[in-house]
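Here are some notes for a colleague who is opening this structure and would like a place to begin. They are meant to be read with the model on screen.

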Amino acid sequence: MDLLEYQAKELFREMDIPVLPSQRIDRPTDLKGLKIPYPVVLKSQVRAGGRGKAGGVKFVENTIDAVAAAQTIFHLPIVGEYPEVLLAEAKYNADREFYLAVVLDAGARRPILLGSKIGGIDAEAVMEQMQLVVVDGEFSPFYARRLALKMGLEGNLIQAVSDILEKMYQLFVQKDLDLVEINPLGVSATGEVMALDGKVTANDDAIARHPDLVKLVTKTSNRPQMTSSIAQSSRTTEEKAAEGDFPMLTLHPARDGNIGVLCNGAGLLLTTLDLIYLAGGKPASFLNIGEAILQAWTPTVLCDRLERGLELITRDKNVEVLLINLHCHATAGDRMAAVIAEYWQKRASKARLPNDFKMILRLVSSEFSRAQESLKDCPVTIVENLEQAIHQTMGLVKSKA
């Protein structure tokens, strides 16, 4: 279960991870009692990424502008979700921005530290600089320092970033979390570090052991998604395994959608969904098979997750066009393409896919040519460029209209 940013930052404060002064806003008129001096930034509190591009983040200089901006943000859906609260936060002038995360790698069954010298909303740029350290024994500051060095940090920044990573890891362990992410970690001109945005994912099986987390996420008590997520924590491991244990969601506000989206990475998935919406498309189902940056996963694990992901998403009868967006850093692209080709041939031969079912594959891989060869006998359109993939997808959708 993903926590909202303001909830994640409450946990950061408990761990002495530096965050800016902020205030939860339940309604626009709350801004008349704002205790933070202007200028401030207003942020939509939804779980989807891409808030800034969607208009869910606005800088304001005074109360009048703040109330008007809040009214706009409260009525702005992002990936189909309206915010119930906003976060008003002090403005921060970052000289540099980094990405940091501690994540549970289910395949390797170990925590992993991730760090990039580039942070922010450009997911592809972040991933290009991503460094990884597997915590394969009892945690010590050595792991955090090793990641800081792999990121190429120098001077006092090595210790400053290592300290943040240690606190993130302590939070990760104490609360039995699946993910602790800071993106971006702002660095001022004087070297001060600040968690400007944060994401925390609680483990559904473990949350019952942490009443403080339950209390935190139910502060916005009329959120059906939250209460539903807590209730789902009682699902057995076998039930989750039967479902593939993937974070698959149906976009209920777009019930007339007909596009399926499958990606390997949360950032990649959210970017793809945003572009589909901007192009006028309506996703029916979307699926994240796992982070490509988790290089501790073996190629076999990733290919297995891709195959199971294809099985899951094509069960949705509303999906007529499937857009697959894969970054192949940890696994050869031609191997992933071979999985798709084999899946298509099996299902087509058994008539388990409609004759007019279409697939678009956007593949970022050094083995792109070999991937094309793997798919030459399948009616799967393969491209390298994401905009081209969106264009092709929308063309197919319109041809069915």
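The points below take up one helix, then the aromatic rings, and then the charged pairs.

1. Please keep in mind throughout that this is a predicted model. The values quoted here are therefore computed from predicted coordinates, and local features were considered at pLDDT of at least 70.

2. A convenient starting point is helix α6, which covers residues 156-174. Its 19 residues, at 1.5 Å a residue, should span 27 Å, and because the C-alpha atoms at its ends are 28 Å apart, the expected and the modelled span agree. After the helix comes D176, a residue with a positive phi, near 55 degrees.

3. Which residues of α6 are buried? They are L157, I158, A160, V161, S162, I164, L165, E166, M168, Y169, L171 and F172, a list that holds the charged residue E166 as well as hydrophobic ones. The elements that cover these buried residues include the helices α1 (5-14) and α5 (141-150), together with the strands β5 (96-105), β6 (110-116), β8 (177-187) and β9 (193-195).

4. Two of the buried residues of α6 also carry aromatic rings that pair with each other. Y169 and F172 are 3 residues apart in this helix, which is about one turn. In general, an α-helix has 3.6 residues a turn, so residues three or four places apart point the same way. As for burial, Y169 has a relative accessible area of 11% and F172 one of 6%, and because buried means under 20%, both qualify.

5. Across the whole structure, a search finds 5 aromatic pairs. One of them joins F142 and Y143 in an edge-to-face arrangement, with 5.6 Å from centre to centre and 65 degrees between the planes. Y143 counts as buried, since its relative accessibility is 9%. The pair of Y169 and F172 is tilted instead, because its planes stand at 35 degrees, with the ring centres 6.1 Å apart. Ring pairs join F139, F142, Y143, Y169 and F172 into a cluster. A further ring, that of F59, has the charged end of K91 sitting over it, 5.5 Å from the ring centre.

6. How many salt bridges does a search of the whole structure find? The search finds 15. In one of them E89 pairs with K9, the closest N and O atoms lying 2.5 Å apart. This pair links distant parts of the chain, as E89 belongs to strand β4 (residues 86-90) and K9 to helix α1, 80 residues apart. Both E89 and K9 are buried.

7. Another salt bridge joins R51 and D197, whose closest N and O atoms are 2.8 Å apart. Here too distant parts of the chain are linked, with R51 in helix α2 (residues 51-54) and D197 in the loop between β9 and β10 (198-202), 146 residues apart. R51 is buried at a relative accessible area of 10%, and D197 counts as buried at 18%. Both residues belong to a network of salt bridges that links E5, K9, K43, R51, E89 and D197.

8. The last pair leads back to the end of α6. D212, in helix α7 (residues 211-217), and K175, in the loop between α6 and β8, are 37 residues apart, and they form a salt bridge with closest N and O atoms 2.2 Å apart. Is each partner buried or partly exposed? D212 counts as partly exposed, at 36% relative accessibility, whereas K175 is buried, with a relative accessible area of 12%.

How values were computed. Residues numbered from 1 in each chain as written. Predicted model: local features only at pLDDT ≥ 70, side-chain atom pairs only at ≥ 80, totals over all residues. Heavy atoms only, no water. Helix = DSSP H or I, 4+ residues; strand = E, 2+ residues; numbered from the N terminus. Expected span 1.5 Å × (residues − 1). Buried < 20%, exposed > 50% of the residue type's maximum accessible area, 1.4 Å probe, protein only. Contact = heavy atoms within 4.5 Å. Phe/Tyr/Trp six-rings, centres within 6.5 Å; stacked < 30°, edge-to-face > 60°. Lys NZ or Arg CZ within 6 Å of the ring centre and 35° of its normal. Salt bridge = Lys/Arg side-chain N within 4 Å of Asp/Glu carboxyl O.
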